[in-house]
Amino acid sequence: SIINMSTDAGTVIEKNQIIIQDTLSYGELTAVKHANGNDWWVITAERHSNRYYTNLLTADGFETPWLQQAGNVTSAYGGQAVFSPDGTKYIRYSPADGVFIFDFDRSTGDLGNFQHIAINDSAFVGGAAVSPNSRYLYIPSEYRIYQFDLWATDIAASRITVAEYDGFLSPYQTTFFQAQLAPDCKIYINTFAAVTVLHVIHYPDEHGLACEVEQHGVSLP
């Protein structure tokens with residue numbers, strides 16, 4: 001849908017124009033700016049496959065998306081997809097599948113150099129976010145938050161547990177779910193249940209426990 005935001009309430013110009021007709025992996029739509037600094041790449045994954053729809057959004061609208069096949073076939077949902085802030089990495093995580101890391105070409109939209117990291121914990125849901133300097137990957141995996149160094153020769157071996165769920169209730173368990181890098185350069189993490197708090201990673205550019213995870217650090221109104 002296209003909305004003209006120059007009016008106070010916004011005016012709908014086009015509505016429900018179908019770009020992709022398929023069964024997609026929900027909750028994993030994400031975007032990154034094109035290398036030209038103007039256009040945008042929007043990527044979404046086909047469910048239970050290893051195929052990705054790559055969409056180029058320009059000032060004239062969406063071009064016809066194309067499918068590219070890369071990496072492992074997914075088996076479940078309950079995760080998140082994210083680009084690194086510098087646009088060089090595309091990352092997906094779900095507890096059933098583990099971490100998928102791809103190199104991303106911001107000029108062509110191509111995915112490459114697939115890496116897989118198994119997490120192997122008891123999580124049901126989880127998320128992903130990358131630090132502002134694009135070095136550290138954070139994986140909230142329900143009861144733990146892991147940090148990985150994307151600049152390391154062996155990314156899997158760089159894993160550090162930077163937080164474990166402390167049992168806080170508000171009124172339900174405030175375990176870790178999806179994450180978002182915010183404009184203040186902190187990472188905020190929600191929870192799967194309907195609770196009144198968010199978790200905060202205050203210094204995500206820092207290595208290990210120096211990143212300072214504050215559980216239930218933000219009270220929601």
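These exercises, each with a worked solution, deal with the predicted model shown above.

Residues are numbered from 1 along each chain as its sequence is written. In this predicted model, local features need pLDDT of at least 70, side-chain atom pairs count only at pLDDT 80 or more, totals for chains, interfaces and linings use all residues, and side-chain values use heavy atoms, with hydrogens and water left out.

**Exercise 1. Cysteines**

Find how many disulfides the model has.

Step 1. Take the rule: a disulfide is a pair of cysteine sulfur atoms within 2.5 Å.
Step 2. Apply it. The count is zero.
Step 3. Check Cys185. Its nearest cysteine sulfur belongs to Cys211 and is 15 Å away.
Step 4. Sort both by relative accessible area: buried is under 20%, exposed is over 50%, and partly exposed is in between (1.4 Å probe, protein chains only). Cys185 has 41% and is partly exposed. Cys211 has 0% and is buried.

**Exercise 2. A four-stranded sheet**

Work out which strands stand at the edges of the open sheet with the order 8-9-10-11.

Step 1. Know the terms. Strands (E, at least two residues) are DSSP runs, numbered from the N terminus. Two strands pair if DSSP finds at least two bridges between them.
Step 2. Read the order. The pairing in this open sheet of four strands is antiparallel.
Step 3. Look for single partners. Strand 8 (80–83) and strand 11 (111–117) each have one partner strand, so one side of each lacks a neighbour in the sheet. These are the edges.
Step 4. Add the turn. Neighbouring strands are turned by 15 degrees against each other on average, direction ignored. The angle is taken between axes, which are lines fitted to C-alpha atoms; angles run from 0 to 180 degrees between N-to-C directions.
Step 5. Zoom in on one pair. Strand 9 (residues 89–94) and strand 10 (residues 98–104) are joined by six bridges. Tyr93 has Val99 of strand 10 as its bridge partner.

**Exercise 3. Asn55**

Decide whether Asn55 is buried or exposed, and find its polar partners.

Step 1. Locate Asn55. It is in strand 5 (residues 51–58).
Step 2. Check its area. Asn55 has 3% relative accessibility, so it is buried.
Step 3. Look for polar contacts (N or O atoms within 3.5 Å; within protein, one must be able to donate a hydrogen and the other to accept it, and residues adjacent in sequence count only if both atoms are side-chain atoms). A polar atom of the Asn55 side chain lies 2.8 Å from the backbone oxygen of Val42. The side chain also reaches the backbone oxygen of Tyr53 at 3.5 Å.
Step 4. List other contacts (heavy atoms within 4.5 Å). Beyond four places in sequence, the contacts of Asn55 include Trp40, Trp41 and Phe62.

**Exercise 4. Unusual backbone**

Find where a cis peptide bond occurs, and what the phi values of Asn120 and Glu212 are.

Step 1. Recall the background. Most residues other than glycine have a negative phi, and most peptide bonds are trans.
Step 2. Find the cis bond. It joins Ser170 and Pro171, with omega about -10 degrees. Pro171 lies in the loop between strand 15 (160–164) and strand 16 (179–181).
Step 3. Take Asn120. Its phi is positive, about 60 degrees. Asn120 sits in the loop between strand 11 and strand 12 (129–130). It is exposed, at 71%.
Step 4. Take Glu212. Its phi is also positive, about 60 degrees. Glu212 is in the loop between strand 18 (197–201) and strand 19 (213–219). It is partly exposed, at 40%.
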